[in-house]
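Notebook open, structure loaded. I'm jotting down what I looked up, one topic at a time.

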Amino acid sequence: MVSRRDIFKYAAGGGVGVGVGLLLGEVNQRPLETLLSTHIPPEDFSPGIDTWYNTLCRMCPAGCGISVKVREGRAKKIEGNASHPVSRGGACALGQASLNALYNPDRLRSPMRADGEGGFIPASWDEAFDELSARLGALQAAGMGRRVWVLTGGALGSGEEALSRFSEALGANLLRLALDTTANEQAAAKAIYGFEGLPHYDIASADLVVSFGADFLGSWRSPIAYAKAYGEFRQGANGRRGHLAQIEPRMSLTGANADEWLPARPGTEGALALALAAEMLRRGRGGEDVANWGGLSGAMSLAGAAEQADIPLARVEALAERLAAAETPLVLGGGAAGAGTRGAAALSAVAALNRVLGAPGGTVRPNLGHAASYASVPDIEAFASQAASGNVSLVLLAGVDPAHDLPDSLGIRRALERAELVVSLDSFINDSASQADWVLATDSFLETWGDDISSPGAGSLTVTLQQPVQERLFDTLSITDIVLRLAARLGGAVAQALPHADAQAFTRAEWARVWQSLGLNGDFNERFRLAQQNGVWDAPLAEGMADTISPEVPPPPAAPGSEFAGGESEYPFVLHPFVTQGFREGQGANLPWIQELPDPLTSVVYGSWAEVNPATAEQLGLGMGDLVEIESPAGKLSVPVVVHPGVRPDVIAMPLGHGHRGNGRYAKGRGANAASLLAAQSDSATGALAWAATRVALKALGKRGRLTRTGGLSRTLGRQILGPGGEH
Amino acid sequence: MSKITDTLRQYRADGYFAEFDYHWTMAIDLDQCTGCGACVVACQAENNLPIVGEKRMRQGREMKWLRVERYWEGDYPDARLSFIPILCQQCDKAPCEIACPVFATYHNQDGLNAQVYNRCIGTRTCAVYCPYEVRFFNWFTYTWDEPLEQQLNPDVTVREKGVMEKCTFCVQRINRAKDLARDEGRRVADGEVQPACAQSCPTDAIVFGDRNDTDSAVSRKMRDPRAYEVLKELNTAPSVVYLKNAREPLHAADGGGHHDGANAQAAEPRAAAAEPRMVEAESAVT
Ligand code: SF4
Ligand code: SF4
């Protein structure tokens, strides 16, 4: 794991420039033609004049650079920052809808304390800090910092640095939580390519992309960067059209755009990748480095793998043919394919296929972005058991909603009940915050300072600066501000570790520290002003860092596969939870623009659904919109079905991110939470949550569910809407 | 009236718009479009489209000047989904324009099909005449839950009950670019103005520009052999050009499979039923 503190050593020392200068901010303003002449308004308050600020999108871990249009002191529109190497001017639906979070009617306007009857009452920051610092101070004085648990989510960059310094100085535990983590992908990169962190995939230069479950056009890792690359892959300047094959049990957005969709049986993706790798070796496709992998002893024959995956052998052979003939092939693995109980092994098999194809150093490169280390299932269970035995005094939820986003089977909700004091740092009373004693109202990311290292970035070290684009709307503080103020009140070692006045001072100090360590002395203020204008500091990598694929030949990966919770006779279907870019694991549910944006595959709005194959539906007597009960060994829920041909007959697919108990009027009580069905399964190598390894049973409830879909006919009926000549 | 009908006739003559400075046109490359919906949200944000709420959605009152239509082909396992963003096609021979009794919808000299909100009396005839179903009527005056209204774009009006609305090609952005160019004594440069959808599109599937400039990016896209117009046979002369997805036909790609229209319908028994705009089901709340 590359920690944030180490990552900057990979950046080149001398001669680092700022990103190409698309100078926004004051430069973009036209001179005032004076009607309102005599007073000089603040920069962002010239009536009728747009001011654009470059900052960082915090809605998902991709870390896109965005440009925000501000008029009369209010953020109005979010675009991609055209000079940012990750977003290159694009912005996804979720990033744009973050304005709905900023101006959300249910956003907290001040700190809130629990009233003891399930509600909350407004309080002042002083009261909050008095109580919190008294509790923390007492624990610290008693040497019981261990009884404090800081739970955090996606926020990286200097905000993470502040949190970890705080926890370290206090002796507290820090857990980074997410349902879909990068742990297995990092483990595979380390095992097969021999580098730390996440690979950078060059989709644009590939002539063939074979993706095992990675929904890179939908929600996977860095959707905007990959979408930009995909545009070039299809109709780029090189005049060559790339071919895309998607292997997954349920058609994702990427599967819908693929040239071929191969609905493999869940848990067989790794074995298929390994069989293809062995086939490539047989055909002499492997380079010298992998010559001693022999026949990849763990691999099945193509025919065996095809049968296991339930894909016609002819199609697998055709795919092998394409792979063998491709000039610059690229194989991706992710999503459910890497979230079985041997997910890391499956992704290693995918990486091995890349290695045999000679992709490393070409279409696969080390990224060296900051790859976060996440809490494993055993880590989370340790927290839960500490709480169960009454050893957790204080839980600080730093912008994370584990009571919704993670499976109940991990015991987090129970743990929050048992903890003595729970403090949530959030903008909403979400599912976890509703269990808290205090909810400290946080800023929107558009109102405060920070930064992030985009990972996977653009093949360089992409550090994006986050800055406020407008004044605070309400009486809120950022998570970093809250941590700094607590530190100041606590004094001693904690205050020493975090002597800064606020998030702005802390961010600047961090940038100064990093630049100084790289010998970039110069005029800090000028350099920082440029970073503010560009929104990004895009550091070229130090000499040689771009091709650190290990020349060492790793041992061939173990045979992958997956074990599922629940017996096949009792639970005949595999549950395939999937992430959509709008809702992610729950972050988009309180945004009305996202609720009203039809789901790309099913056109459902306002609610969730379960996808069922037409053959399965017929067997069970189900029609579009019928309500079913889905039961797993871990829980049950009811949800309407969408019947469509984009899912295997033995698989039930459900979107994540719906079914909130709280989180404001747009999210609350809408749809069902697929995470609540997941058993506490973990990866045998990394301990990461195996969120695609649960079986379910389906029961028709004999009534209609609440399913709203937009749009008209789902077939073109010969109208040639998709172009002449098609018989669609 | 005859002056107006003469003008209308003039507008509808082939090549009329080539005489003017600009002829704004959009090209959407379906080989690049992934159906992600970023453009739909971009449009909603830029043009102050209301949040209609779940109830109105269920009644089929969706308000989206731009939507992504999705079409299935084939059956499992040889199923395929295709996407196509549909917005007002800014037809040069627009069926809606001849329908309006008060000329609330008319054609401007940039080739835009414009809607004058305060002239619209709400007969809704234009929406009936539009073959692309891209006109939306305000049956209600929508409001925003405070403080969501602080997001509203001050460059665009908010519409009220009784008014028809639709995509404008982000005319506020076009006008601003034209003003700036005029102040500086030059033409609007290619790529200088982009509607919100085109700007946000993460795959650069949407290209916007002036068709009168034969070197513009959009003119180049229009010359692509994949270029076509939706419902061309209606002779509407749209200003939105699509580039056909370059995927191999479904059943050529995998060397087999089967295609059966009747089965295809069965895959979605109730969705393909009579009601074309909205499928809903109600009786129980989950
Ligand atoms: S991909 Fe993620 S970081 Fe980028 S704009 Fe969308 S939500 Fe924001
Ligand atoms: S933003 Fe671009 S890729 Fe996404 S749906 Fe719209 S046109 Fe297609």
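For the ligand entry I call a residue near a molecule if its C-beta atom, placed from the backbone, lies within 6 Å of it. This is a predicted model, where local features need pLDDT of at least 70 and side-chain atom pairs 80 or more, while totals for chains, interfaces and linings use all residues. Residues count from 1 along each chain as its sequence is written, with chains lettered from A and ligands numbered from 1 in the order written.

Ligand 2: I found 14 residues around it, and Cys33(B), Cys36(B), Ala38(B), Cys39(B) and Cys201(B) come nearest. The shell splits into 9 nonpolar, 5 polar and no charged residues (Ala, Val, Leu, Ile, Met, Phe, Trp, Tyr, Cys and Pro are nonpolar; Asp, Glu, Lys and Arg charged; the others, Gly among them, polar).

Helix pair: I checked H9 (269-282) and H10 (302-309) of chain A; their axes come within 9 Å and cross at roughly 160° (axes are lines fitted to C-alpha atoms over the stretch in contact, angles run from 0 to 180 degrees between N-to-C directions; helices are DSSP H or I runs of at least four residues, strands E runs of at least two, numbered from the N terminus). So H9(A) is roughly antiparallel to H10(A), the term for angles over 145 degrees. Among the residues meeting there are Ala271(A) and Glu279(A) in H9(A), and Leu302(A) and Gln308(A) in H10(A) (contact: C-beta atoms, placed from the backbone, within 7 Å).

Interface: chain B and chain A put in 79 residues each. H2(B) gives the most on chain B's side, with 7 residues.

Notes: Parallel < 35°, antiparallel > 145°, perpendicular 65-115°, else oblique. Contact = placed C-beta atoms within 7 Å.
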